[in-house]
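Trainee: Could you take me closely through one part of this model, the place where the ligand sits? After that, I would be glad to hear about a few helices and loops elsewhere in the chain.

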Amino acid sequence: MYQPSSDDFPWLAEEPDYAYLDTAATCIVPTCVRQAVDRYLLDTHANAHRGSYARSHAATEQFEQGRQTLARWFQIQPEQLAFAASTTQALNDLAQALPIDWQAGDEILLSIAEHHANLLPWQRLAQRFDLKLRFIELTPEGNLAAPELLLTERTRVVSVSAASNVTGAIYELGGLLSAARQRGVVSIVDAAQLASHQPRQLGLLDADAVVCSAHKFYGVTGLGLLLLAPQFAEQLEPFRVGGGIVTRVTREQADYLSDVHRFEAGTPNTLAVIAAATATEWLDRHVGLSHYLDTQRIELNHLLAQREWLRVLPSGATQTPTLSIVSSSVHAQDLAAYLDSQRIEVRSGHHCAQPLLQYLGYSGVVRISLGAYTTPRHLERLASALDEAYELFS
Ligand SMILES: Cc1ncc(COP(=O)(O)O)c(C=O)c1O
């Protein structure tokens with residue numbers, strides 16, 4: 001059975017009352033990830049895939065070993081895993097590089113719950129080529145409403161998130177993805193939030209591309225991961241061009257690598273790859289974490305349900321350990337500011353999902369997201385601090 005430990009998160013012993021409840025934004029890393037990063041910086045920090053000396057070789061080896069560990073973790077082949085700087089960069093790259101001869105009126109299918117990272121790249125493309133964006137809406141319970149029905153003859157791309165960064169709903173995408181495949185529609189899944197909760201599911205999604213960020217599954221910032229279906233990857237040109245992805249360059253032209261490295265121009269973020277690979281090994285040693293977080297979320301829901309002055313946003317049939325609350329008595333920002341004054345860190349606002357908040361009729365909500373270091377004591381403190389805030393502001 002998983003229990004948060006101060007061996008992994010020393011601050012749990014030093015400051016047990018400090019509650020970091022913004023894991024959906026970025027996780028705090030366990031000790032082993034910090035140590036791996038430290039060792040790398042001390043012993044092998046160098047330019048991977050460049051130098052012909054020992055230190056660079058060591059960096060290259062660790063970088064590629066990291067790819068193998070991560071690919072194994074996602075249950076895909078290493079050649080299917082490309083690195084980017086973030087989910088945001090990966091989605092922008094994909095939107096620009098899709099092998100599609102766009103015609104005015106072609107459609108891109110998204111959900112209303114997309115993070116801006118999976119909306120704005122498509123908005124830009126739509127403006128440039130006169131395309132139509134269509135949006136899957138939500139059921140009152142917070143699930144996607146009949147997503148397959150919005151596929152039309154003109155749909156060229158489906159790009160949807162696997163889990164909401166606001167409500168924590170995990171969306172059922174199986175039917176939509178297989179319908180897209182049958183129709184030859186390109187499918188992309190923004191799995192930034194699912195990666196933190198069910199990372200192993202990512203490689204099983206039947207999509208052309210699945211993207212996520214390592215800082216959401218106990219790695220560090222600066223690393224996006226693209227899981228690419230082999231046939232889809234074959235059709236993609238390099239997203240960005242520059243050093244490290246060419247065989248021969250003349251003044252007029254360049255010959256590019258044909259493997260996955262062609263998507264990784266420039267110096268790779270070896271440090272973040274090592275951190276992410278170490279994080280997955282840590283997650284492997286703590287298989288009970290998912291269950292632990294599910295029980296903590298149920299407990300949190302229970303505590304929140306006792307407070308009639310606030311409402312939890314509907315979050316579908318299955319959830320990540322993230323949820324959002326809203327109240328007509330206390331402004332989201334006031335609530336978050338008060339919690340912060342009590343060393344309870346949550347996020348307030350639109351969470352980079354403004355269309356979703358507009359759709360739900362809110363200008364801001366408070367998001368609470370649990371992580372491997374969330375203890376029952378944190379949730380109790382949160383509940384009391386919410387009561388204090390209500391007394392103060394309502
Ligand atoms: C669902 C979703 N998509 C995309 C992103 C963007 O990730 P990044 O900031 O790592 O690029 C986030 C970040 O919170 C997210 O939650």
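Mentor: Happy to; here is the ligand site, followed by some helices and loops.

A word on the basis comes before the details. This is a predicted model, in which local features need pLDDT of at least 70 and side-chain atom pairs count only at pLDDT 80 or more, while totals for chains, interfaces and linings use all residues. Residues are numbered from 1 along each chain as its sequence is written, and side-chain values use heavy atoms, with hydrogens and water left out.

Let us begin with the ligand. Around the ligand we find Ser-86, Thr-87, Thr-88, His-115, Ala-117, Asn-165, Asp-190, Ala-192, Gln-193, Ser-213, His-215 and Lys-216; a residue is near a molecule if one of its heavy atoms lies within 4 Å of it. By class, this shell holds 8 polar, 2 nonpolar and 2 charged residues. Here Ala, Val, Leu, Ile, Met, Phe, Trp, Tyr, Cys and Pro count as nonpolar, Asp, Glu, Lys and Arg as charged, and the others, Gly among them, as polar.

Now for individual atom pairs. A polar side-chain atom of Asp-190 sits 2.5 Å from a nitrogen atom of the ligand. In the side chain of Ser-213, an N or O atom is 2.6 Å from an oxygen atom of the ligand. Thr-87 takes part through its backbone, where an N or O atom lies 3.4 Å from a ligand oxygen atom. A polar contact is a pair of N or O atoms within 3.5 Å. Taken alone, the ligand exposes 390 Å², and the protein buries 88% of that; such areas come from the Shrake-Rupley method with a 1.4 Å probe.

Next, helix α9. Helices (H or I, at least four residues) and strands (E, at least two) are DSSP runs, numbered from the N terminus. The 16 residues of α9 (residues 270-285) should span 22 Å at 1.5 Å a residue, and the end C-alpha atoms are 23 Å apart, which agrees; the expected span is 1.5 Å times one less than the number of residues. Of those 16 residues, 12 are buried, so α9 is largely enclosed by the rest of the structure. Buried means under 20% relative accessible area, exposed over 50%, and partly exposed in between (1.4 Å probe, protein chains only). The buried residues of α9, including Ile-274 and Trp-282, pack against α2 (31-43), α3 (54-74), β2 (81-84) and α10 (289-305), where contact means heavy atoms within 4.5 Å.

One of those partners leads us to Thr-31, which lies in helix α2. Thr-31 is buried, at 14% relative accessible area, and touches Asp-7, Asp-8, Phe-9 and Pro-10, not counting residues up to four places away in sequence.

For a contrast in setting, look at Ala-317, in the loop between β12 (311-312) and β13 (318-319). Ala-317 counts as exposed, with 65% relative accessibility. Between Ala-317 and Ile-274 there are 35 Å in space, C-alpha to C-alpha, and 43 residues in sequence.

Finally, the backbone angles. Most residues other than glycine have a negative phi. Gln-75, in the loop between α3 and β2, has a positive phi of about 60° although it is not a glycine, and counts as partly exposed at 46% relative accessibility. His-351, in the loop between β16 (347-349) and α12 (354-360), also has a positive phi, of about 55°, and is buried at 3% relative accessibility.

Terms used
Polar contact = N/O pair within 3.5 Å; in protein donor to acceptor, adjacent residues only side chain to side chain.
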